[in-house]
Amino acid sequence: VITLYDCATAPSPRRARILLAEKGVPHATVQVDLRGGEQFGEAFRAVNPLCTVPALRLEDGRVLTDNAAIIAWAEAAYPEPPLLGTTPLEKAEVASWQWRVEFEGLIAVAEALRNGSPAMAGRALPGPVGYEQIPALAERGRARIGHFLDALEQQLATKDFVAGAAFSVADITAVVTVDFARAVKVRPDEQRHPHLLRWRERMGERPSMAA
Ligand SMILES: N[C@@H](CCC(=O)N[C@@H](CS)C(=O)NCC(=O)O)C(=O)O
């Protein structure tokens, strides 16, 4: 049986949960207690030495240790529905937006949270190395989130989905990022981001998004 190593409160494994739901991949779920430090314990290190979730154990025992691998595997093993675009140009657009949402959005929120929250002291980056916080990065992260929401608004003003005409992994990453920004008290604004808010509402109608 395929097993997802998950943490119900964390954004990165939520991306994998939504993806597996959209693809209809049957799997079991194991919760990893990130707050309790279970990711650093011997048992989880044996699953993923990078000490992060998501991790996906396949039926043959091999483990995929990040969203990039999980997405690539899922698209190849479960081609329907396609979530990485269909035509060469669509695939390029999805790759481009996936990168932008991760770099301009998701990483900005993570920087804001991990460098600003006292609970994350000494844990400014995920993974086995304990990095100290840089408070200026929290401030910069918040500024970047604002610019990211504006960029997303501009795209969604003329497109139904983040990467264009079809639902894709870029929508999954963007939903997770926009929701994760609440952790640092940044939310889209009715005046400034009306198209983004309407897209988020439409996304909420997909059963996968409750995952
Ligand atoms: N490259 C990874 C990033 C995963 C990641 O950063 N996961 C966080 C949860 S959102 C984590 O495991 N954090 C453990 C920690 O903070 O110690 C992916 O997207 O799959």
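A crossing is left-handed if the near helix is turned anticlockwise from the far one by less than a right angle, and right-handed if clockwise. Helices (H or I, at least four residues) and strands (E, at least two) are DSSP runs, numbered from the N terminus.

What you have above is a predicted model, where local features need pLDDT of at least 70, side-chain atom pairs count only at pLDDT 80 or more, and totals for chains, interfaces and linings use all residues. Residues are numbered from 1 along each chain as its sequence is written, and side-chain values use heavy atoms, with hydrogens and water left out.

**Helix packing**

Two packed helices are described by the angle between their axes and the distance between the axes. Here axes are lines fitted to C-alpha atoms, for helices over the stretch in contact, and angles run from 0 to 180 degrees between N-to-C directions.

| Helix pair | Axis distance | Angle |
|---|---|---|
| H4 (residues 88–116) and H6 (residues 169–180) | within 9 Å | roughly 15° |
| H1 (residues 11–23) and H6 | 10 Å | about 140° |
| H4 and H5 (residues 135–156) | within 7 Å | roughly 150° |

Let's start with H4 and H6, whose axes cross at roughly 15°. That makes H4 roughly parallel to H6 (angles under 35 degrees count as roughly parallel, over 145 as roughly antiparallel, 65 to 115 as roughly perpendicular and the rest as oblique). H4 passes H6 in a left-handed crossing. On the H4 side, the contact (heavy atoms within 4.5 Å) includes Val94, Trp97, Val101 and Leu113, and on the H6 side its residues include Val169, Ala170, Thr173 and Phe180. Sorted by class, this contact has 11 nonpolar, 4 polar and 1 charged residues. For that sorting, Ala, Val, Leu, Ile, Met, Phe, Trp, Tyr, Cys and Pro count as nonpolar, Asp, Glu, Lys and Arg as charged, and the others, Gly among them, as polar.

H6 also packs with H1, at an angle of about 140°. That makes H1 oblique to H6. The crossing of H1 with H6 is right-handed. From H1, Pro11, Arg14, Arg15, Ile18, Leu19 and Glu22 meet a set in H6 that includes Ile172, Val176 and Asp179. The class split for H1 with H6 is 8 nonpolar, 1 polar and 4 charged.

H4 passes H5 in a left-handed crossing. Their contact has 14 nonpolar, 5 polar and 6 charged residues.

**Around the ligand**

The ligand is surrounded by 16 residues, and the closest are Gln39, Val53, Asn67, Arg114 and Arg123; a residue counts as near if one of its heavy atoms lies within 4 Å. Oxygen atoms of the ligand feature in several polar pairs. A backbone N or O atom of Asn67 is 2.7 Å from one ligand oxygen atom. A polar side-chain atom of Arg114 lies 2.8 Å from an oxygen atom of the ligand, and for Arg123, a side-chain N or O atom is 2.9 Å from a ligand oxygen atom.

**Backbone oddments**

Val53 is joined to Pro54 by a cis peptide bond, with omega about 10°. Pro54 sits in the loop between helix H2 (42–47) and strand S3 (55–57). Cys51 lies in the loop between H2 and S3 too, and its phi is near 60°, a positive value in a residue other than glycine. Another cis peptide bond runs from Glu80 to Pro81, with omega near -10°. Pro81 is in the loop between helix H3 (67–77) and H4.

Terms used:
Polar contact = N/O pair within 3.5 Å; in protein donor to acceptor, adjacent residues only side chain to side chain.
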